[in-house]
Amino acid sequence: MKILVTGHSGFLGRNLIEALKSSGQEQHKIYTYDKSDSLDKLEEYAKDCDFVFHLAAVHRPDRKEEFLEVNLEFFQTLLTYLQKYHNPCPVLYTSSIQATQDTEYARSKRLAEEALVTHGRQNNSRTIIYRLTNTFGKWAKPCAHSVVATFCYLVARDQEITIQNPDTVMNFYYIDDVITSFLRHLEEEIPPGSDGYYRLEEDLLYRITIKELAEIITSFRLQRQGQYLPDVGDSLIKRLYSTYLSYLPLKELAVPLQVHSDSRGSFMEIFKTDNRGQFSLNITKPGIKKGEHYHNTKCERFLVLSGKAKIQLRRTDSEEITEYYLTGEEPRFLEIPPGITHNLINVGDTDLYTLIWANEVFEPLKADTYFCPVLGSI
């Protein structure tokens, strides 16, 4: 399928182009058009394309006249070319929920909607008009019209966020949901809403106050510094965190870890969570035994990444010893219940790398760790 995408270098356009390239279902031929291209190029594409995604728009122009020039008149030029070559291909147009308002921007979007409806009727074309709300995700331009992009950009650079009207509730779509909805129109005819416009499903709409949004994005910076993982069980937080990371400078993606080293090897806490415990990496030298303790409440999982480990276990009220051998070549994790004293012995010739998950974050004043040699007596 030959697909024309206008505004391909904008937020929606970039994400759409990447999705089309990675769809894997069909090798699409993609025609891209931006404001730097000539109208001759637009006419050429309009003559040949099978589907149009019209995403080109201005939101905050230097001159108010640009609203009509870009949002309406340029679109009318594209529609005229389609009609000139009797091309009845479907046209997807991205309007805005603001189209009903009394602003120059809204008027330009509303008139463009009307132009497309007329075109569809005259050219016997399928017309698809999305009235989108705020959309967030990677590649939105910060300090322009996206509050999420602006907050992420500023927090990622340790700059202060300025909030006006913090209790204002805003609605958001996530970019991947929008693009997925767009792409469905390439495969099937989908009826619009009762008012003739397309929107995403209600469960894909996020509602949040400006204050809450700022607090969440600001917390990401502190979480990274403290090695904490965000609560990815919350889909909004998961997607905001992905967006936040996309605004970090590429040279600031690495976070140093504190390494506790001695002659036996080293230990470092890697990831902490508010409700999923903690992940650590234990490196043990050959022949060294670590551990020799039990926990009353804490439980753990041991996974050997590299090397050979013998792990001895004993109930604190028993002399019976159980042994496990774990290697990096045959991955399996071993769970350590509370009340079981245990050790970790490197029985190989190389350093032993063991990933350890504990069901709680380590707190020095509440370590829940009690020395008790496995081979000792009860």
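**Close-up views of a predicted model**

**View 1. Cys143 counts as exposed, at 51% relative accessibility.** Exposed means over 50% relative accessible area, buried means under 20%, and partly exposed is in between, using a 1.4 Å probe and protein chains only. This is a predicted model, where local features need pLDDT of at least 70, side-chain atom pairs count only at pLDDT 80 or more, and totals for chains, interfaces and linings use all residues. Residues are numbered from 1 along each chain as its sequence is written, and side-chain values use heavy atoms, with hydrogens and water left out. Look for Cys143 in the loop between strand 6 (134-136) and helix 5 (147-156); helices (H or I, at least four residues) and strands (E, at least two) are DSSP runs numbered from the N terminus. Its backbone has a quirk too: phi of Cys143 is near 55°, a positive value in a residue other than glycine. Most residues other than glycine have a negative phi.

**View 2. Cys143 and Cys152 stay unbonded.** How many disulfides (pairs of cysteine sulfur atoms within 2.5 Å) does the structure hold? Zero. The closest cysteine sulfur to that of Cys143 belongs to Cys152, and at 11 Å it is too far for a bond. Start from Cys152 instead and you land on Cys143, again 11 Å away. Is Cys152 buried or exposed? Cys152 is buried, with a relative accessible area of 0%, whereas Cys143 is exposed.

**View 3. His86 has a positive phi, of about 50°.** His86 is not a glycine either. This residue sits in the loop between helix 3 and strand 4 (91-96). With a relative accessible area of 68%, His86 is exposed.

**View 4. Helix 3 and helix 4 pack with their axes 8 Å apart.** Helix 3 covers residues 65-84, helix 4 covers residues 104-123, and the angle between them is about 10°. That makes helix 3 and helix 4 roughly parallel to each other, a label for angles under 35 degrees (over 145 is roughly antiparallel, 65 to 115 roughly perpendicular, and the rest oblique). On the helix 3 side, the contact (heavy atoms within 4.5 Å) includes Phe67, Leu68, Leu72 and Phe75. Across from them, helix 4 brings in residues including Tyr105, Leu111, Ala115 and Leu116.

**View 5. Six strands make an open sheet with antiparallel pairing.** Follow the order 9-10-11-18-13-16 to walk across this sheet. Strand 9 (260-262) and strand 16 (333-336) are the edge strands, and each pairs on one side only. From one strand to the next, the twist averages 20°. Zoom in on strand 13 (residues 300-306), which is joined to strand 16 by four bridges; strands pair if DSSP finds at least two bridges between them. There, Glu300 stands opposite Ile336 of strand 16.

**View 6. Five strands make an open sheet in the order 15-14-17-12-19.** The pairing here is antiparallel. Strand 15 (321-327) and strand 19 stand at the edges with a single partner strand each, so one side of each has no neighbour in the sheet.

**View 7. Strand 12 pairs with strand 17 and with strand 19.** Strand 12 (residues 289-294) and strand 17 (residues 340-346) run antiparallel and share four bridges. The partnership with strand 19 (residues 370-371) is antiparallel as well, over two bridges. Which residues partner His293 in a bridge? In strand 17 it is His342, and in strand 19 it is Phe371. Tyr294, meanwhile, stands opposite Tyr370 in strand 19.

Definitions and conventions:
Axes fitted to C-alpha atoms, helices over the stretch in contact; angles between N-to-C directions. Disulfide = S-S within 2.5 Å.
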